[in-house]
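Colleague: Could you take me through one part of this model in detail? I'd like a close look at the empty space inside, and then a quick word on the surface.

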Amino acid sequence: MKYTRALYLVMMALVGLPLMAQITTKQEVLNADSIINDFDSRPAFGIYKDTYFVGGTALNTKPTEFNSDVKFQISFRHRLTKSILPFHSHLFLQYSQKAIWNVFEESLPFHDLNFNPGIGVQNLVVHNGKLVGNATIMLEHESNGRDGEASRSWNKVTFGYAAVIDPRLEVYGKTWIPIIDGQQNKDILKYCGIFQTGAQFISSNRRWVADVTFVKRQGWNLNFNTILNVGFRFSKRDNQYLMLHFYDGYGENLLDYNKYHCRLRIGILIRPNFFSDF
């Protein structure tokens with residue numbers, strides 16, 4: 001029963017909601033209906049992907065004001081319906097925004113802003129009274145809001161699944177059907193990929209978190225963009241972490257989607273109590 005409750009708590013946080021207010025008692029038996037009903041009773045608004053503010057520099061060349069920067073992201077989601085769609089699914093909106101900020105250059109210009117709204121359907125996968133997975137289908141748009149030669153834009157129909165292997169470990173995968181409408185980024189799949197996979201880990205005392213993501217670029221060779229995060233939680237009473245963020249590959253931002261970056265940054269991370277969406 002303890003293992004069942006642990007999986008339940010993990011999956012509730014996985015979809016970006018706060019930790020449950022009251023722990024299920026030993027006498028209660030979890031089933032699909034009770035899990036879905038509890039999910040529907042929770043606040044509809046919450047964190048979607050990691051929200052962070054980190055700064056750092058390039059690792060593959062001498063640091064300068066032109067290859068050192070600040071990177072930050074905000075991300076949230078809102079559930080539009082309760083689980084009334086087929087298979088107890090629900091409809092939700094998400095919005096993520098990422099920025100590359102050249103704070104070491106004169107006048108502190110923003111290098112690029114990337115906007116990523118989306119609407120999707122999510123289904124909590126329940127098996128034998130346990131939440132064991134989280135499946136999503138989503139229509140996403142991503143662009144940098146610029147025109148002319150600096151314009152970058154594409155759309156995706158994405159299919160994702162996250163599986164809880166253990167209360168401390170989640171593995172996930174996501175692929176997409178691209179709809180490329182940007183005239184300046186027709187070859188974006190060569191750099192921003194065709195699918196991604198990864199894992200997230202939480203220590204037993206919930207003070208340490210780590211995740212790794214591999215984004216497979218187009219082609220048959222082993223060409224991946226790699227994203228690695230390690231965070232240390234300041235206090236068990238909040239969800240703020242000291243974060244180490246490593247990026248190696250292409251597509252870190254849309255303006256420079258076809259330029260190679262290898263950068264290490266450090267800063268502040270805010271995330272759900274357990275797993276973050278991907």
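Modeller: Here is a walk through the cavities, followed by the nonpolar patch. Keep in mind that this is a predicted model. Searching the whole structure turns up 2 cavities of 30 Å³ or more. The largest cavity has a volume of about 800 Å³, while the second largest cavity comes in at about 80 Å³.

Let's start with the largest cavity. Its lining is made up of 37 residues, and Lys49, Gln73, Lys98, Gln196 and Ile227 are the ones nearest its centre. Sorted by class, that lining has 13 nonpolar, 13 polar and 11 charged residues.

Now for the second largest cavity. Tyr48, Asn134, Thr136, Met138, Thr158, Gly160, Lys174, Asp277 and Phe278 line it, and by class that makes 3 nonpolar, 4 polar and 2 charged residues. Strand 6 (130-143) and strand 7 (153-166) each supply at least two residues of this lining, with strand 6 giving the most, at 3 residues.

Over to the surface. A nonpolar patch there has about 900 Å² of accessible area together, and its members include Leu59, Trp208, Phe234 and Ile270. Strand 11 (224-233), strand 12 (240-249) and strand 13 (261-270) each put in at least two residues, and strand 13 gives the most, with 4 residues. Isoleucine 270 sits in strand 13, and it counts as partly exposed because its relative accessibility is 31%, between the 20% limit for buried and the 50% limit for exposed.

Conventions. Residues numbered from 1 in each chain as written. Predicted model: local features only at pLDDT ≥ 70, side-chain atom pairs only at ≥ 80, totals over all residues. Heavy atoms only, no water. Patch = residues over 30% accessible without salt bridge, like charges linked within 9 Å, V, L, I, M, F, W, Y side chains within 5 Å. Areas by Shrake-Rupley, 256 points an atom, 1.4 Å probe, with all protein chains shown as cover. Salt bridge = Lys/Arg side-chain N within 4 Å of Asp/Glu carboxyl O. Buried < 20%, exposed > 50% of the residue type's maximum accessible area, 1.4 Å probe, protein only. 1 Å grid on protein atoms, 1.4 Å probe; cavity = no way out; pocket = protein on both sides within 12 Å on 5 of 7 lines; lining within 4 Å. Points joined across faces, edges and corners; volume = space filled by probe spheres on them. Nonpolar A, V, L, I, M, F, W, Y, C, P; charged D, E, K, R; others polar.
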